[in-house]
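Work through these exercises with the sequence and the model open. Each task is followed by a solution in steps.

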Amino acid sequence: TSKAQYLRIIAGAGSGKTRVLTYRIAYLIDKMDVRPYNILAITFTNKVAKEMKERTMKLLPDVNLNGLSISTFHSLCARFLRSEISELGFPSNFFIMDDTDSLALIKDIGETFGYKRTDEVNKDAFNFIKNQKCYGKLPSDCENIIRGHELYLRFFKEYERRKNELYQLDFDDLIIYTIKILETDEDVRRKWIDHFRYILVDEFQDTNDLQFKLLVLLSDETTNVYVVGDPDQTIYTWRGADISIILNFDKTFKDCKTVSLEQNYRSSGNILNVANRLIEHNHKRIKKNLFTNADLGFEISQFTADNELKEAEYVVDNINDLYDGKTTFYRDCAILYRTN
């Protein structure tokens, strides 16, 4: 219920991140008389966006929520570009390519370069292009840092040429092109800033530089920005997530208020105690100490096997010890493994 303009919620595992964000939306509409049209909530997946919309409707059954925007970054940018991409000379009915489409185009290009569609170079070129565009880089940005990757740069240039010729955009283009328009057309930027007066972002610890740049471009000194996340749960660094964004949020959005949610509603006490002891060794984090009112639960055991066969035997022996066919069944057991 804080009325702070900039709010950073550090929400520990199992503390109810999505619930808190949903209640915040309902509070803005019901108690602060904010029009749904002026609210933008950004989630990490379409599934969570759908779930949040449904929860908000249940909280406000008598309120017309038309205009309320709850979507992923990519969905938001697709919507923006359908409206504004004529600025870049593209038609509004451009085609959005998924990764399968992108890889197929790269294989077509590979064939013109003399490779087979099954050659590994196609997948390597695909990964190279994805990695560059994840950071907002196009071929012209790569000329001076490409030593040893000249072939991949050839793929990249031809990929962009063919894609643009057909008025197609891949997922990374959605954000790159949105940022390009917002940076170059102040009238368009002002229109969208005036539209979204309240911006809320879920899973903020997994935000990358491009997404944060977009957030900054969609806000001004009067925008209310509310982010929810946990630096201890950052897992997408391999695709550009930057933990310093949530850690340094208060440096970009001055006078930010930080609230920590430390009660866990999901795990037993023993699991939480081990997790707390493990994560406290991280250097880059905002300190918090998760607690739970749940029972301690089972003790956690740790076993180091000499080889994978003995590891498997240990797991099977433990499952057989637990199984009694009356209160504990095989379906009650789960085995988590590192790789497929």
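**Exercise 1. Place Tyr-167 in the chain, classify its exposure and examine its backbone phi.**

Solution.
- Start with the position. In this predicted model, Tyr-167 sits in the loop between helix 7 (150-165) and strand 5 (168-169).
- Next, exposure. Its relative accessible area is 39%. Buried means under 20% and exposed means over 50%, so Tyr-167 is partly exposed.
- Then the backbone. Tyr-167 has a positive phi of about 55°, and it is not a glycine.
- Set that against the general rule. Most residues other than glycine have a negative phi.

**Exercise 2. Asp-255 also calls for a backbone check. Is Asp-255 buried or exposed?**

Solution.
- Read phi. The value for Asp-255 is positive, about 60°, although the residue is not a glycine.
- Locate the residue. Asp-255 lies in the loop between helix 12 (249-252) and strand 8 (257-261).
- Apply the cut-off. The relative accessible area of Asp-255 is 76%, so the residue is exposed.

**Exercise 3. Find the surroundings of Ser-267 and decide: buried or exposed?**

Solution.
- Ser-267 belongs to the loop between strand 8 and helix 13 (269-279).
- Its relative accessible area is 15%. The limit for buried is under 20%, so Ser-267 is buried.
- Now list contacts, leaving aside neighbours within four places in sequence. Ser-267 is in contact with Leu-272, Thr-292 and Ala-294.

**Exercise 4. Which side chains make polar contacts with that of Asp-220?**

Solution.
- First the setting. Asp-220 is in the loop between helix 10 (209-217) and strand 7 (224-229).
- Asp-220 counts as buried because its relative accessibility is 13%.
- Take the polar partners one by one. The side chains of Asp-220 and Thr-222 are joined by a polar contact of 2.7 Å. A polar contact of 2.9 Å links the side chains of Asp-220 and Arg-190.
- Widen the search to contacts beyond four places in sequence. Asp-220 then touches Tyr-6, Arg-190, Ile-193 and Arg-197. Arg-190 thus appears in both searches.

**Exercise 5. Describe the largest pocket and its lining.**

Solution.
- Its volume is about 1200 Å³.
- The lining has 28 residues; the closest to the centre are Ser-301, Tyr-314, Val-315, Asn-318 and Ala-334.
- Ask which element gives the most to this lining. Helix 14 (residues 308-322) does, with nine residues.
- Sort the lining by type. The largest pocket has 16 nonpolar, seven polar and five charged lining residues.

**Exercise 6. Do the same for the second largest pocket.**

Solution.
- The second largest pocket has a volume of about 730 Å³.
- Count the lining: 26 residues, with His-74, Lys-130, Asp-172, Gln-211 and Arg-239 nearest the centre.
- Trace the sources. At least two residues each come from helix 3 (73-84), helix 5 (120-134), helix 8 (171-184) and helix 10. Helix 5 gives the largest share, six residues.
- Sort by type. This lining divides into ten nonpolar, ten polar and six charged residues.

**Exercise 7. Map the nonpolar cores.**

Solution.
- Recall the general tendency. In soluble globular proteins, nonpolar side chains tend to be buried together.
- The largest nonpolar core has 44 residues. Among those with the most contacts inside it are Leu-81, Val-201, Phe-204 and Phe-249.
- Helix 8 provides the largest share of this core, seven residues.
- A second, separate core has 22 residues, including Leu-28, Leu-68, Ile-70 and Tyr-226.
- Follow Val-201 outward, not counting residues up to four places away in sequence. Val-201 touches Leu-21, Ile-42, Phe-73, Leu-215, Tyr-226, Val-227 and Val-228.

**Exercise 8. Step back to the whole chain, then find how far apart the C-alpha atoms of Gly-114 and Asn-307 are.**

Solution.
- The chain holds 14 helices and eight strands.
- Its C-alpha trace spans about 65 × 60 × 40 Å along the principal axes.
- Buried residues account for 44% of the 340 residues.
- Consider contacts between residues at least 6 apart in sequence. Of these, 77% join residues at least 24 apart.
- Now Gly-114. It is in the loop between helix 4 (99-112) and helix 5. At 66% relative accessibility, Gly-114 counts as exposed.
- Finish with the distance. Gly-114 and Asn-307 are 193 residues apart along the chain, and 44 Å separates their C-alpha atoms.

Notes
Residues are numbered from 1 along each chain as its sequence is written. This is a predicted model: local features need pLDDT of at least 70, side-chain atom pairs count only at pLDDT 80 or more; totals for chains, interfaces and linings use all residues. Side-chain values use heavy atoms; hydrogens and water are left out. Helices (H or I, at least four residues) and strands (E, at least two) are DSSP runs, numbered from the N terminus. Buried means under 20% relative accessible area, exposed over 50%, partly exposed in between (1.4 Å probe, protein chains only). A polar contact is a pair of N or O atoms within 3.5 Å; within protein, one must be able to donate a hydrogen and the other to accept it, and residues adjacent in sequence count only if both atoms are side-chain atoms. Contact means heavy atoms within 4.5 Å. On a 1 Å grid over the protein atoms alone, a cavity is a set of points where a 1.4 Å probe fits but cannot get out, and a pocket is an open set with protein on both sides within 12 Å along at least five of seven lines; lining residues have an atom within 4 Å of a point. Grid points are joined across faces, edges and corners, and a volume is the space filled by probe spheres set on the points. Ala, Val, Leu, Ile, Met, Phe, Trp, Tyr, Cys and Pro count as nonpolar, Asp, Glu, Lys and Arg as charged, and the others, Gly among them, as polar. A nonpolar core is a set of buried Ala, Val, Leu, Ile, Met, Phe, Trp, Tyr and Cys residues joined through side-chain atoms within 4.5 Å.
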